[in-house]
Structure formats: structure tokens, C-alpha cells
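Open the model in a viewer and keep the selection panel at hand. The stops below say what to select next and what is there.

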Amino acid sequence: MPNGEIVTPKLATADVCDAMGRAVSILPVDFKDFGGSVDFAGPAVTLRTLDDNTKVRMLLEGKGEGRVLVVDGDASTRVALLGGNLAALAAKNGWAGVVIYGCVRDRHELLAEDVGIKALRSCPKKSEKLDRGDVNVEIAIAGVPIHPGDWVIADADGVVIAKELPSL
């Protein structure tokens, strides 16, 4: 694999659900698509934070290697946890996607980046910068647990979580 990046075949969430049945969890959230890619998949890097995107930036500055950053922002709609500059970092550094259980901003800039971005909605207000958050811990989005390394498969139908990459 070039540069240590994970090469993931194109996966459809419906096919993954059909093939894996109860071995997958569906995030029961109506995420909206904001990035230049709608379909993406990769192992999860997890982050729990509230209204502070300091660690979002820290993680996206590192090599993504085809992984997906999953941010539990506690469904807060007070501030955006990701904007145009961070989306550009994610694309440049090889992240497959970012799932934000919270808000984003700079929607027009997010669309221009070749990275999948799912979030609840947009909010124009920037986040706090207080270096809060827990990296690579178990998180839960809408009651669904997500562990570091779990597979995140996302497309226009939704987001599913699996312990391993399905063989379709």
C-alpha cells in the first residue's frame, strides 16, 4: 500500500448491512453530507470533545492514511467543530472522511475538498480553543459505541460501524 495508506474497496452501506447483518451497527442519525466525497470508509480514530476543536485540528494535521475521524461533539449545535481550513488539512493529509456529531461551517469550502464530511448541520460560529477532548477512547453516538479501529462505512444512505472490514 502506498505510503502506508489503507486501500479500501468501494463499499455501499446497504451491501454491508445485507452481508453482515447484526455484525454492524447503524448510526441512527440523519447526518448531512458536506464534503466533496459522499462515499468513504476506513478505520476509526475517535475523539470526544464539546465545543472545542483544538484536538480535531491536531489529529487532522497528522497522516490520515485512509482513516476516518469520528468526533462525538455531543450533538452540540452551538459552534462548528470543522471548517474549510480543517477540511483542506484532512484532504491533504489522506483522511478518508470525518464524521462530526455536531456542526461544521464554511460549507462552500467543504464541498471543494476531496474528503467525506458528515455532520448534523452547519453553524457559522467558531469553536473554543481550550485543548479539551479525549483522543482514541470509546465514544457513543446516539447510543452506538464506536471504538478506535472500528470500521466506519459511509454513503448517502447513512453510516455503519463494523468491527472488521466486510468481505463482499
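Start by selecting Cys17, which sits in helix 1, residues 13-20. The model is a predicted one. Cys17 is partly exposed, with a relative accessible area of 22%. Leaving aside neighbours within four places in sequence, display its contacts: Val24, Ile26 and Val160. Draw a C-alpha to C-alpha distance from Cys17 to Val160; the value is 8.0 Å, for a pair 143 residues apart in sequence.

**Cys103 and Cys123**

Next, select Cys103 and Cys123 together. Are they bonded or too far apart for a bond? The sulfur of Cys103 has its closest cysteine sulfur in Cys123, 5.2 Å away, which is too far for a bond. Cys123 is likewise in no disulfide, the sulfur of Cys103 being the nearest cysteine sulfur to its own. The disulfide count for the model is 0. Colour the two by accessibility: Cys103 is buried at 0%, and Cys123 is buried at 8%.

**The nonpolar cores**

Now select Val56, Leu60, Leu69, Leu82, Ile100, Val104 and Ile117. These are the residues with the most contacts inside the largest nonpolar core, a set of 22 residues. To see where the core comes from, show strand 3 (40-48), helix 2 (54-60), strand 4 (68-72), strand 5 (80-82), helix 3 (84-92), strand 6 (97-104) and strand 7 (116-122); each supplies at least two of its residues. Which element gives the most to this core? Helix 3 does, with 4 residues.

Stay in the core and centre on Val104. Beyond its neighbours within four places in sequence, Val104 is in contact with Phe34, Ala80, Leu82, Leu110, Ile117, Ala119, Arg121, Ser122 and Cys123. Apart from the largest core lies another one, of 19 residues; to find this second core, select Val29, Val70, Val99 and Ile141, which are among its members.

**Helix 3**

Return to helix 3 and show its side chains. Its buried residues are Gly84, Leu86, Ala87, Leu89 and Ala90. What covers them? The cover includes helix 2, strand 5, strand 6, helix 4 (107-111) and strand 7. Step just past the end of helix 3 to Gly94, where phi is positive, at about 85°.

**Salt bridges**

The model has 7 salt bridges by count; three are visited here, beginning with Lys118 and Asp33. Their closest N and O atoms are 2.4 Å apart. This pair links distant parts of the chain, with Lys118 in strand 7 and Asp33 in strand 2 (residues 32-33), 85 residues apart. Check accessibility on both sides of the bridge: Lys118 is buried at 2%, while Asp33 is partly exposed at 31%.

Move to Arg132 and Glu128. Here too there is a salt bridge, and its closest N and O atoms are 2.4 Å apart. Arg132 is partly exposed at 36% relative accessibility. Glu128 is also partly exposed, with a relative accessible area of 35%.

The third pair is Asp150 and Lys163, whose side chains meet in a salt bridge of 3.1 Å, N to O. Asp150 lies in the loop between strand 10 and strand 11, and Lys163 in the segment after strand 12 (158-162), so the bridge ties together parts that are 13 residues apart in sequence. Lys163 is exposed, with a relative accessible area of 55%.

**Around Asp150**

Keep Asp150 selected for the last stop and zoom in on its loop, which runs between strand 10 (144-146) and strand 11 (151-155). Is Asp150 buried or exposed? At 5% relative accessibility, Asp150 is buried; the cut-off for buried is under 20%.

Add the polar partners of its side chain. A polar atom there lies 2.9 Å from the backbone nitrogen of His147. The side chain of Lys163 is joined to that of Asp150 by a polar contact of 3.1 Å. To complete the view, show the residues that Asp150 touches beyond four places in sequence: Gly42, Pro43, Ala44, Pro145, Ile161, Ala162 and Lys163.

Note on methods: Residues numbered from 1 in each chain as written. Predicted model: local features only at pLDDT ≥ 70, side-chain atom pairs only at ≥ 80, totals over all residues. Heavy atoms only, no water. Buried < 20%, exposed > 50% of the residue type's maximum accessible area, 1.4 Å probe, protein only. Polar contact = N/O pair within 3.5 Å; in protein donor to acceptor, adjacent residues only side chain to side chain. Contact = heavy atoms within 4.5 Å. Disulfide = S-S within 2.5 Å. Core = buried A, V, L, I, M, F, W, Y, C linked by side-chain atoms within 4.5 Å. Salt bridge = Lys/Arg side-chain N within 4 Å of Asp/Glu carboxyl O.
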